[in-house]
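This report introduces a single protein chain to a reader who has not met it before. Please examine the sequence and the structure shown here before reading on.

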Amino acid sequence: MRGILLMLLAVFLFVIMDATGKALTADYGVWQISWARYLFHLAILPLLLRGQRVTAVLRSVRPKLQLLRSACMLGATLFFFLAVSYIPLAEATAIGFVAPLLVAGFSVPLLGERVGPRRWAAVIVGFVAVMLIIRPGFGMIHWAFLLPLGSAVCFALYQIVTRMLTRSDGSVTTFVYSVSVGLAVTSVAIFFPGQWRHPDLQGWLLMILVGAVGGLSHYVLIRALTLAPAALLAPFVYLQLVWAAIVGYLWFGDVPGWSTLAGTAALAASGLYVMYRERKAAQARR
């Protein structure tokens, strides 16, 4: 029960981080917001180290793979913050949830895993659901709806590479690499013309919030996974869709349309079915 409660808190914090990022996009660029997200994300590092030296944690068996994973995480962050600067939070979050379906597809060529016809059917249903969200009727797709798809692709690859790294590196090592690489790249990017705007007090507070809440959400998620099995906690991730709709309405006045609600429901159902089939396949292999 403690693990489930922490998981519920983690998904709520993820939405608060995304909503704060959306609020910041009204005045600041995505490189600056991402820089703040990584900088203040480091605030939780002492909680994870617990007496370990940073130099020891940075020793990776597969550093190139760590850099690739960090690049995928940075790409997912940049694409998502850019997406919510154009489209409502609920829609961006819902489209981003195509990532678990992409993981199922990518795991075949990249991990050599077998995906059965029923899981492929669920993946297809998920993509139809995404089309329902981004293109109701026969109108043209707004280009900004492609951004959360880009974020989902990066996040799916991020998860695939994470699976590879669990065989060689610890979770703290992976965390430190992700934050350090993201901070290094964004610290260089904000020096380019037009990428930095000096924040006022409210801007600094929101930037601290987006990083601190992002870091706290990851820590809470790690704690949840130490207290309960991942298979039990995974379905609760989809409550993030509900929180995104609520927070989007309360903070930005966004009201999801019928196509968004229907597509989100279908996407969640297909994602949950893929999780169920993966769990059954894992049990069969034991």
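In which helix is the place of Ile133? Ile133 lies in helix α8, which covers residues 117-134. The model under discussion is a predicted one.

**The chain as a whole**

The chain holds 14 helices and zero strands. Read from the N terminus, its elements therefore run as an unbroken series of α, written α-α-α-α-α-α-α-α-α-α-α-α-α-α. The radius of gyration is 19 Å, close to the 19 Å given by the globule rule for 286 residues, so the chain is as compact as a globular protein of that length. Along the principal axes, the C-alpha atoms fill a box of roughly 50 × 45 × 35 Å.

Of the 286 residues in the chain, 48% are buried. Among contacts with a separation of 6 or more, 91% join residues that are 24 or more positions apart. The accessible surface of the chain amounts to about 14100 Å², and carbon and sulfur atoms contribute 69% of that surface. The chain carries 22 positive and 8 negative charges, and the mean positions of these two groups are 15 Å apart.

**Residues of helix α8 and helix α14**

Ile133 is buried, with a relative accessible area of 3%. Leaving aside residues up to four places away in sequence, Ile133 touches Glu91, Ala94, Ile95, Ser259, Thr260, Gly263 and Thr264. Ile133 and Gly257 are 124 residues apart in sequence, and their C-alpha atoms are 9.0 Å apart in space.

Phe127 is also found in helix α8. At 34% relative accessibility, Phe127 counts as partly exposed. With residues up to four places away in sequence again set aside, Phe127 touches Val98, Leu101 and Leu102. Phe127 and Gly211 are 84 residues apart in sequence, with a C-alpha to C-alpha distance of 31 Å.

Ser270 belongs to helix α14, which spans residues 258-285. Its relative accessible area is 5%, so Ser270 is buried. Outside the residues up to four places away in sequence, Ser270 touches Leu101, Ala122, Val125 and Gly126. Leu101 is thus among the residues touched by Ser270, and Leu101 is also one of those touched by Phe127.

The relative accessible areas of residues discussed in this report are set out below.

| Residue | Relative accessible area | Class |
|---|---|---|
| Ile133 | 3% | buried |
| Ser270 | 5% | buried |
| Cys72 | 9% | buried |
| Cys154 | 15% | buried |
| Phe127 | 34% | partly exposed |

**The cysteines**

How many disulfides does a search of the whole structure find? The search finds zero disulfides. Why is Cys72 without such a bond? The closest cysteine sulfur to that of Cys72 belongs to Cys154 and is 6.1 Å away, which is too far for a bond. A disulfide requires the two sulfur atoms to be within 2.5 Å. Cys154 is likewise in no disulfide, and the cysteine sulfur nearest to its own is that of Cys72, at 6.1 Å.

Are these two cysteines buried or exposed? Cys72 counts as buried because its relative accessibility is 9%, and Cys154 is buried with a relative accessible area of 15%. The cut-off for this class is a relative accessible area under 20%.

Conventions
Residues numbered from 1 in each chain as written. Predicted model: local features only at pLDDT ≥ 70, side-chain atom pairs only at ≥ 80, totals over all residues. Heavy atoms only, no water. Buried < 20%, exposed > 50% of the residue type's maximum accessible area, 1.4 Å probe, protein only. Helix = DSSP H or I, 4+ residues; strand = E, 2+ residues; numbered from the N terminus. Rg over C-alpha atoms; globule rule 2.2 N^0.38 Å. Contact = heavy atoms within 4.5 Å. Areas by Shrake-Rupley, 256 points an atom, 1.4 Å probe, with all protein chains shown as cover. Lys, Arg positive; Asp, Glu negative; His and termini not counted. Charge placed at Lys NZ, Arg CZ, Asp CG, Glu CD.
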